Amino acid sequence: MGIDFLILLKQEWTVSIILFILLFIKVGSKEWKNESILNLINILLLLNVITGFFGYKDGILFNEMFKTNHLIVTEKNILSLGTYIIALQSYPWLKNNKHILEFYILLLSTLLGMFFMISAGNLLMFYLGLELSSIPLAALANFDLEKRKSSEAAFKFIISSAFSSGLLLFGISLVYGTTGTLTLSVLSEHLFSSPLQIFAFILLISGFGFKISAVPFHLWTADVYEGSPVTVTSYFSVVSKGSVIFVFVTVLYTAFKSYALTWYNILFVLSVLSMIIGNLFAIRQNNMKRFLAFSSIAQIGFILIGITGSTQSGSASVIYFVLIYTFSNLGAFGVVSLVSELSGRENMEDYKGFYKTNPMLSWVLAISLFSLAGIPPTAGFFGKFFLLMAGASQGNYLLITIAALNMVVSLYYYLKVVKAIFMDPNENPIKKLMISPSPKLALFICVSGIFLTGLISYVYEYIFSMSIGI
């Protein structure tokens, strides 16, 4: 039992140990240089990623409050990889900051909460993990203490987060009151579609909608993304949102599988609204962080299409797309972060003529945007293809048609940025940026991930088509 306890909670123990190491450094008397602290943290986070691939097993603990299996371990590994890439990208921003340890203590606390949230086999355990992952994020959003926008972002996030958490908790309490259980594996057996249970389910959907920024629950997203430090914005966009998506799929497919028709219709509406509103507002943006915020809202619309598949392929397509989205979005945010930190410029117009002074960063940003747009041979093409195929399994070709049209619209505003970088003149272009090794490694991982996952997908599809004689 003791060994199983350690093995099943291995990833949580690893993050907790890193947290304790940072706390000991903080309270210790020895003065550490910023570069030394950052290098140590990056090594620890790399070890966290590596250990996540070894020594795991399936099992449950605490009367199904905690569970783990190969799929859950994979989801946690994706989050750990995203956190490691973000840590590498944040090096130029944090190397002159006095609160490096506080930043990573908050960041890893949110990651630990996400791990518990993903492994939750009980709605109450899920809620506790959600709060552990959400509250430190507000402090991270306000980490640029001298900037008013950062304080506004934190305020808007904590208000919207508290409201969405309240909706979730109210829905959970109604579920428990009408079923007598919060265990996900047996919850579906106690659902009989009473009006109160339907209302509780709608509250849960609304709470999840806020957390993943699906329209019409997206109003906080752009302001929080713009006001937060770019590193925190990328964490919001990828790691935080990815963890909630993983749990959302589990809750729908496990606890509320008897409501499949109901939540299919709800997700249909949310998907269409997210794609259309996200794309239309992304076209109008000039600030790069707001641009990527509305882009991420549109991407949520495509993810919801995959979830509507209600099959194992639907779940797999969502996890695969989140992995691709991690590489693609962090590649884009990595360049935006470097430009913002080293030049102080964040508007789209500032990127005109960017290729003449920073060709390497220009190609990284262009490749990342191509992947977000779903242009072959990047992995983003295969990610969206698998999502649409999963959604098409339900036979709703209207939804697939709407998604295809929105892909054309998204191609326009992604290429608008690429045009500015490679073709538009600029009398005052961004100067040549001197990049330290850590951000370079992060960008290399992102670009490599975009092409390698795409290549693997291509080979898999080729072998599959050959095996069935297509």
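**Exercise 1. Classify F199 by its relative accessibility: buried, partly exposed or exposed?**

Solution. The model is predicted. F199 has a relative accessibility of 39%. Buried requires under 20%, and exposed requires over 50%. F199 therefore counts as partly exposed.

**Exercise 2. Classify the ring pair of F170 and F199, and place both residues in the chain.**

Solution. Start with the geometry.
- A pair of aromatic rings is described by the distance of the centres and the angle of the planes.
- Step 1: the ring centres of F170 and F199 are 6.2 Å apart. Pairing requires centres within 6.5 Å.
- Step 2: the planes stand at 80°. Over 60 degrees counts as edge-to-face, so the pair of F170 and F199 is edge-to-face.
- Step 3: F170 belongs to helix α8 (residues 148–179) and F199 to helix α10 (residues 195–212). With their positions 29 residues apart, the pair links distant parts of the chain.
- Step 4: F170 is at 41% relative accessibility, so F170 is partly exposed.

**Exercise 3. How many aromatic pairs does the whole structure hold, and which residues do ring pairs link into a cluster with Y320?**

Solution. A search of the whole structure gives 31 aromatic pairs. Ring pairs join Y320 with F381, F382, F385 and F386 in a cluster.

**Exercise 4. Compare the expected and modelled span of helix α7 (residues 123–141), then inspect its start.**

Solution.
- Step 1: helix α7 has 19 residues. The expected span is 1.5 Å times one less than that number.
- Step 2: the expected span is 27 Å, and the end C-alpha atoms are 27 Å apart, so the two agree.
- Step 3: at the start of α7, N122 brings a side-chain oxygen to within 2.7 Å of the backbone nitrogen of L124.

**Exercise 5. Describe the second largest pocket: what is its volume, and which residues and helices line it?**

Solution.
- Step 1: the volume is about 430 Å³.
- Step 2: the lining has 22 residues, of which W93, D144, E146, K147 and P229 are the closest to the pocket centre.
- Step 3: α11 (221–227), α12 (230–255) and α15 (312–343) each give at least two lining residues. The largest share, 3 residues, is from α15.
- Step 4: sorted by class, the lining holds 9 polar, 8 charged and 5 nonpolar residues.

**Exercise 6. Locate A404, state its exposure, and give its C-alpha separation from F246.**

Solution. A404 sits in helix α19 (residues 397–422). Its relative accessibility is 37%, so A404 counts as partly exposed. A404 and F246 are 158 residues apart along the chain, and their C-alpha atoms are separated by 24 Å.

Methods. Residues are numbered from 1 along each chain as its sequence is written. This is a predicted model: local features need pLDDT of at least 70, side-chain atom pairs count only at pLDDT 80 or more; totals for chains, interfaces and linings use all residues. Side-chain values use heavy atoms; hydrogens and water are left out. Helices (H or I, at least four residues) and strands (E, at least two) are DSSP runs, numbered from the N terminus. Buried means under 20% relative accessible area, exposed over 50%, partly exposed in between (1.4 Å probe, protein chains only). A polar contact is a pair of N or O atoms within 3.5 Å; within protein, one must be able to donate a hydrogen and the other to accept it, and residues adjacent in sequence count only if both atoms are side-chain atoms. On a 1 Å grid over the protein atoms alone, a cavity is a set of points where a 1.4 Å probe fits but cannot get out, and a pocket is an open set with protein on both sides within 12 Å along at least five of seven lines; lining residues have an atom within 4 Å of a point. Grid points are joined across faces, edges and corners, and a volume is the space filled by probe spheres set on the points. Ala, Val, Leu, Ile, Met, Phe, Trp, Tyr, Cys and Pro count as nonpolar, Asp, Glu, Lys and Arg as charged, and the others, Gly among them, as polar. Rings of Phe, Tyr and Trp (its six-membered ring) pair if their centres lie within 6.5 Å; planes under 30 degrees apart count as stacked, over 60 as edge-to-face and the rest as tilted.
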